[in-house]
Amino acid sequence: MTQKTILHDRHEQLGARIVDFHGWMLPVQYEGVLAEHKHCRTGVVVFDTGHMGQFLICGRGVAAELGSVCTQNAQALKVGRSRYGFLLNEQGGVLDDTILMRLGEEEFLLVVNAGTLESDLKWLMSHLTSAVALRDLTASGWAKIDLQGPRAYETLAPLVTAGDPGAMGYFGVGRYQCLGRDCIISRTGYTGELGYEIMADGEDLVAIFDKLMATDGVKPAGLGARDSLRMEMCYPLYGEELTPAHTPLEAGLDVFLPSDHEFVGWEALQAQAAQGVSRSLVAFQSASRRKTNPGDKILFEGNEVGVVTSGGFAPSLEVSAGLGYVAPHLTQPGRELIVNTGRAEIPVTVCEKPLYKQGTCRRKDVRG
Amino acid sequence: MIPQGLLYTNEHEWVKLDGAVGTVGITDHAQSALGDITFVELPPAGKALSKGDEACVVESCKAAASVYTPADGSVTEGNAAVDEDPSLVNSDPYGQGWLYKIAFTDAGALAGLMNAEQYAQFLEEQEH
């Protein structure tokens, strides 16, 4: 059964092309992927991310409990801050990638992927004690939109009626009011640009979305642009770069594995770190516009050395680019490899991450 | 909307015949369905193609589509302009966004293709 987000009617009115994404009917594009991508890099766009899961987790000792199941060190996380990390299996494989937000001393919000929401919920319930309460806010009608682009703050600020999200640094989070309605806003996103994720009850979120759409210069953007924007930033997509068969070490995400606490999968990762990984995620780009596809073989000197996990046209770079796992000795930037798409052999070059380096997400002065 | 004087295939290609040489492109319907076109693989001049062969591949942000050969012939030219700027296929599919030219062995083999009215009807039927 496919589900509709609270903004579904709005997408239809805006002329979106709708696709099924993990059981959700979501817009893949409105005016076009390239225009939406470029508008996010230069102006500001809104994505409907109402398919993503939001779990409110509260109670005495919640930080210690979350710290033992999430890679994020919940106890070290300050109130008003959030951190990217993982739910891992005992083997260190990735069950999901998440953002953990600390709203209060004993109150956390965990934002998870749509395709893994149900399995995450079961997994968390089986690992957390009855001392903490977990509530799936998405099941009770909460939704989310992402406002992304260098003009995100100046667009959001006039709508905010309590608090100033401009005071938040990158990965800050807090409770605010927009148009007099309660919401949670985090300075996070999936595009590499300055941006905010706005979480609120469905009806409230529709009102905020409508106000944003009525704001000069704001455009809606779909899953197509979301994917090309994140690929240019080398942000992993769950199901492609990250799966239960991949560890964060293989994905080159060591920086999100704090060594100051133990979590499920920690021992397996220690062993893998000691032994060394057998494959590593690299970013690559081609001199041509011709794209590679997930599953394409990566070759070096005629031998198969890896596989593409994400591939496509990178609008900001104006060439084809992608991500893929290769043997660890082939990861140096500048290394030339071949991607075999089945009908063509495309020369590609391993590049430093991120592929797109002008992103505004870490900007100190959000006013631009 | 659908230009007169061209021939249309079930695969949403158009052919403009000039003597025995045909200019081939994809229709406005096809470019719209594909979305932003980012790359076109063109056939080299001189390549012999048989009816039904894949002549080009058109890639967009969302998809890739094959363009088939409407009748036997030999490629005379690929459109260098779309190689340089694939968005021409979106902005001007029946004009500057043409894909390749082919000298047909027997242009009479195109007799089964649709005219503009028939293609319009075909599109309407496909939508239902």
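**Exercise 1. Chain B overall**

Task: For chain B, determine what share of the contacts with a separation of 6 or more comes from residues 24 or more positions apart, and describe the fold and dimensions of the chain.

Solution. Step 1: in chain B, 63% of the contacts with a separation of 6 or more are between residues 24 or more positions apart. The model is a predicted one, and every value here is computed from it.

Step 2: list the elements. Chain B holds four helices and nine strands, and their order along the sequence is β-β-β-α-β-β-β-β-β-α-α-β-α.

Step 3: compare with the globule rule. The radius of gyration of chain B is 14 Å, close to the 14 Å that the rule gives for 128 residues, so the chain is as compact as a globular protein of that length.

Step 4: add extent and burial. The C-alpha trace of chain B spans about 35 × 35 × 20 Å along its principal axes. Of the 128 residues in chain B, 39% are buried.

**Exercise 2. The side of chain B that touches chain A**

Task: State how many residues of chain B are in contact with chain A, and break that side down by element and class.

Solution. Step 1: nine residues of chain B contact 12 residues of chain A.

Step 2: the element of chain B that gives the most to this side is strand E4 (residues 37-41), with three residues.

Step 3: sorted by class, the side of chain B that touches chain A consists of four charged, three nonpolar and two polar residues.

**Exercise 3. Helix H7 of chain A**

Task: Explain why helix H7 (residues 223-233) of chain A can be called largely enclosed, and identify what surrounds the helix.

Solution. Step 1: apply the burial cut-off, 20 or more other C-beta atoms within 10 Å. In H7(A), 10 of the 11 residues are buried, so the helix is largely enclosed by the rest of the structure. Among the buried residues are A:Arg226, A:Asp227 and A:Glu232, as well as A:Leu223 and A:Met231.

Step 2: find the packing partners. The buried residues of H7(A) pack against helix H2 (33-42) and strands E2 (17-21), E3 (24-29), E4 (44-48), E18 (303-314) and E19 (319-326) of chain A.

Step 3: look past the end of the helix. A:Cys234 follows H7(A) and has a positive phi, near 65 degrees.

**Exercise 4. A:Leu355**

Task: Decide whether A:Leu355 is buried or exposed, and list what the residue touches.

Solution. Step 1: A:Leu355 lies in the segment after strand E21 (345-351) of chain A.

Step 2: A:Leu355 has 21 other C-beta atoms within 10 Å and is buried.

Step 3: leaving out residues up to four places away in sequence, A:Leu355 touches A:Glu232, A:Cys234, A:Ala283, A:Gln285, A:Ala314, A:Leu317 and A:Ala321. Of these contacts, A:Glu232 is one of the buried residues of H7(A), while A:Cys234 follows that helix.

Step 4: the C-alpha atoms of A:Leu355 and A:Ser316 are 9.5 Å apart, with their positions 39 residues apart along the chain.

**Exercise 5. A hairpin and helix H3 of chain A**

Task: Describe how strand E6 (residues 82-88) and strand E7 (residues 94-104) of chain A pair, then relate helix H3 to these strands.

Solution. Step 1: E6(A) and E7(A) are antiparallel and share seven bridges; A:Gly85 has A:Thr98 in E7(A) as its bridge partner.

Step 2: five residues separate the strands of the hairpin, where A:Gly92 has a positive phi near 85 degrees. Six of the seven residues of E6(A) are buried.

Step 3: six of the eight residues of helix H3 (residues 62-69) of chain A are buried, so H3(A) is largely enclosed by the rest of the structure. Packing partners of its buried residues include E6, E7 and helix H4 (117-127) of chain A.

Conventions:
Residues numbered from 1 in each chain as written. Chains lettered and ligands numbered in written order. Predicted model: local features only at pLDDT ≥ 70, side-chain atom pairs only at ≥ 80, totals over all residues. Buried ≥ 20, exposed ≤ 12 C-beta atoms within 10 Å, placed from the backbone. Helix = DSSP H or I, 4+ residues; strand = E, 2+ residues; numbered from the N terminus. Contact = placed C-beta atoms within 7 Å. Rg over C-alpha atoms; globule rule 2.2 N^0.38 Å. Nonpolar A, V, L, I, M, F, W, Y, C, P; charged D, E, K, R; others polar. Pairing = 2+ DSSP bridges.
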